[in-house]
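Visitor: Please take me through one part of this model slowly, beginning with its cysteines and then turning to a sheet and the helices packed on it. I would like each term explained with its cut-off as it comes up.

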Amino acid sequence: MDKFGIGQPVRRKEDVRLLTGRGTYTDDINRPSQLQAYVLRSPHAHAAILSIDTAAAKAAPGVAAVLTGHDAAADGIGHFPVMVDVPGKGGRKLFPTPREILQTQRVRFVGDPVALVLAETRAQAQDAAELIEVEYDILPSVTETGAALDPGAPVIWEENGSNLCVLWDSGREAEVEAGFARAARTVSLEFVQNRVVGNPMEPRVALGEYNPATGSYTLHSPTQGVMRVRDGLAKLILKVPVEKLRVVSPDVGGGFGLRGKIHPESGMVLWAAKRTGRPVKWTSGRSETFVCDPHGRDHVTRAEMAFDVEAKVLGVKIRTFAAMGAYLQDFGPRVPTVAGGRIMGTVYDIQALNAQVSCVFTNTSPTDAYRGAGRPEQAYVLERLFDLGAAAFGIGREEIRRRNYIRPEQIPYRNVVGSQIDSGLFAETQAKALALADWAGFPARRAAAAARGKYRGIGLGYFIEASGGQPSEWARVAFQPDGTVALTVGTFSHGQGHETAYAQVLHSKLGIPFDAVRFIQGDSAVVEHGNGTGGSRSSQMGGVAVARASELVIAKGRRLAAHLLEAAAEDVEFADGVFRVAGTDLTATWPQVVAAAQTPPPGETPGLDEKLLYTRSTECNFPNGCHVAEVEIDPETGQVQIVRYAAVDDVGNVINPMLVHGQSHGGIMAGIGQALLEHAVYDKESGQFLTATFQDYCMPRASDAPDFDLGFHVVPCPNNDLGVKGAGEGGACGAPPAIVSAICDALGIAHIDMPVTPEKVWRALQGKKAA
C-alpha cells in the first residue's frame, strides 16, 4: 500500500520545521525603524467620554504619536461593520452597530479602544498611555445575557431603543404547538452555554507598513485566510482599492474562529504607519487577548420537547438569549441564528421545531465564531432534552435516540430549515460508538467505583455539523523546472496540517514524490482567490480544488506527452506518474513532460501551471458522530475525572487518519474545557472582566484528558470529488453533552450547568442530601 497517498497516516511534514524552532510567526518579523503600538483601553464597562487629553503622553520619552478617534475621523478611517444580515421576526431589521476604530463619545465594554500610542519601544508606549487623561461619566452597565432585556436594564445603544439587536425565528411555530397539544409527555429545561475565550497559543499581532511612493499598504498578521481580511480592511476601513493592500500571514499558532475577523488593531497599525511614515507593530499581551478578542457562546436557553407514547418527538420549542457583546463582530449575530440553525433537529427526524433567538447587546467583548460556531449549541440543546425524555419514559438514553434518528431510507433528508442532509448512518454510528466504549459493561465498572467510594457515570452525545463555509475555493498547481511542484492555495493552515494533507492529494493524483510538493499560502500577492479556513471547509473545498487543478495539469501533460510520443492525445493514458500510449510500451515521465513544457508545441502555452476556482453544488456537508464519556466523581470534593472517552465520527473519506484524530483530540479538549473548566465572567455590578488571566480562567491541560478511543464510520459524501466531510469541530460538538450526561448519570440528577466545577458538583450533592 502506498504510504504517502490518500487515506494513509502520514506524519506532518511541517512539524519538523516548527518543532525545531524554524517557524516564522508575525512577532518574529521586525522592520527597520518600526514603532511599537500600545492601545489604551476603557477601564469601564459603560461610560460617556467627556474629554481626552493626550498632551502629556505626546511629550513622554520615545513617543512618536498619540492618536485618537478624532484623528481617525479626520483621516477618513471607516467604521467596523457587521458582515452579515440576520432577518428579524416580523420584518424587523438587525441593528448594525457603528463601531469606530477608537471610541470618541462612549465606551461600551472593559477593553474598548480609546487611544493609540506609538513609541520606540512597547514599554515606552505603555508608560505614555498611563499619562493620557480621559474624563469619563460612568454609566450603568449590563453584562448578564439573561438580564439584557429586563425593563430596568441600561440601554447600550440608545438609538436602537433597547438591547435587542434582532429576534430571529426559525418558523413552524404552529406545527410545534400542534405537536405539543397531542403529546403524551413533555420535558423542559433551562440552561446556559457558558461564555468562553478562544485563547490561541499565539496572541494577536499586527505589523503595518505604508509605501508613499505607491500608496500601498502591507499587513503581516495571523489570520485564517488573507483575502477576506484584505478585502474588508481595504474597502471598509482604509477605503482604498484592494490591490493597494497586501496581507501576509506567516505561521499561525491556532485560530479557533477568532483569527478570521477584521480586528480594529489591524486597521490601527496600517493607518498609523501611513500617518507616521514608519512601520508600526502591535503585539497583544495575554490579558489583553482575554479582554479584547472576540468571545464565544454565551447563551441562556429555555427548551421543551414533546413526545408521543412511543417516545418519538412531536415538537421542540427553543427560546434563547444570545449575547452579541457591545458591538456586532463580523459574523456575530449569524452564529446563534442562521449558522447554527442550518442543523436544527441535528440527526433526528424532527420536523416540528421552532427556535427563537433574541440576539442581545451586553457591556462585554463582542462574540463571534468559536470552534463549532452554533453547531455545538444546537447539539447540546437536543441531547440534554433527549436525556430528560429517556428518564421520563424510563428507557435508555441510547434507546430514545435510536427511536428518533433519521433512518437510512430517508436520506437525503431535508431538515426543518431546508438543509438537505446528503449522507449518514446515525444509528449505526451510535452502535459503533457504544461498542467502542463498552456501554454494556458499564454497570460492572460503576459497581467497582462504588466499592471505592466514587460515583461513576456514563453519557453520550450525538452531533451533526453543517461544514463547508464559503462556497468556492482556489488552488494553483505549477511544476517547477527542478521537478518540484509549487502548490498555492486559498485556504489557510493554522495548525490543521494542510501542507501534509494536500501533498497526499497531489501524490495520489499526480504520482509525484510526496516531498516534491512546495506549499504556498497566506499571501494576497500570490493567492488570487480564496476564502481561508473556517467551518471545517479545507479538505472538502481546498482539497477538491487541488484535485481538480491536478486534473488540469494531467490533461495538459497528456497533450505534451502525445507530442513527445507522436501519438494522439486521446490515446495517451496516465497512471502512477507515467504517461503511456495505450497498448504500447511507449512512455513519458513527468521530467520529460516538464522539459517539453518549456518549449511547447504550437497551441500550448509554456509551462505546466494550472489554476482553478472550484465552486461546490451544495451549501455544505454533514459530518457527524457519537461521543461517549465516562466519569468518576469524588463525593468529598466534587472533583470530576474523565476516566474513559470513546468517539466514532463520520467525516466521509479520510485523507489522513492521523490528522483527523489530531483534530478530534483538539476538538474534544475544547469541549472538555467548556464542559468542566472554562468560563469568561464579568462582574454583575461593575461590568469588570474577572477572568482575564490564566489564574482566573482555567484552560484544560493534558492531565484533564483520558486516553481517547477514536474510530471512524466512513460514509462518503456524495457531493464532492474526494467524498470528504469536515473534521475540525466535531469534538467541540460531541464532548459537552456527553460529559454533562455522564455527570448527571453519576449524580442521579436531571441537569447541571457548564462549566461543571467541583463546587457545583459538591453543592448538588449537598442538595441531594438535604432533600
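Guide: A search of the whole structure for disulfides, meaning pairs of cysteine sulfur atoms within 2.5 Å, finds 0. This is a predicted model, in which local features need pLDDT of at least 70 and side-chain atom pairs count only at pLDDT 80 or more, while totals for chains, interfaces and linings use all residues. Residues are numbered from 1 along each chain as its sequence is written, and side-chain values use heavy atoms, with hydrogens and water left out.

C165 is unbonded because its sulfur lies 5.7 Å from the closest cysteine sulfur, that of C359, which is too far for a bond. C620 is likewise in no disulfide, the nearest cysteine sulfur being that of C717, 9.7 Å away. C165 is buried, with a relative accessible area of 0%, and C620 is buried too, at 5%; buried here means under 20% relative accessible area, exposed over 50% and partly exposed in between, with a 1.4 Å probe and protein chains only.

Now to the sheet. Helices (H or I, at least four residues) and strands (E, at least two) are DSSP runs numbered from the N terminus, and two strands pair if DSSP finds at least two bridges between them. In the order β23-β22-β21-β27, 4 strands form an open sheet with mixed pairing. Its edges are β23 (517-520) and β27 (609-615), each of which pairs on one side only. Direction ignored, neighbouring strands are turned by 15° against each other on average. Strand β22 (residues 485-489) pairs with β23 in the parallel sense over 4 bridges, and A486 stands opposite R518 in β23.

Two helices pack on this sheet, where contact means heavy atoms within 4.5 Å. Helix α14 (residues 498-510) touches β21 (472-479), β22 and β23, and its direction makes about 135° with that of β23. Helix α15 (residues 538-565) touches β21, β22 and β27, at about 140° to the direction of β27. Axes are lines fitted to C-alpha atoms, for helices over the stretch in contact, and angles run from 0 to 180 degrees between N-to-C directions.

The axes of α14 and α15 come within 10 Å and cross at roughly 35°. Residues in this contact include Y502, V505 and L506 of α14 and G542, V546 and I554 of α15. By class, the contact has 8 nonpolar, 5 polar and 2 charged residues, where Ala, Val, Leu, Ile, Met, Phe, Trp, Tyr, Cys and Pro count as nonpolar, Asp, Glu, Lys and Arg as charged, and the others, Gly among them, as polar.
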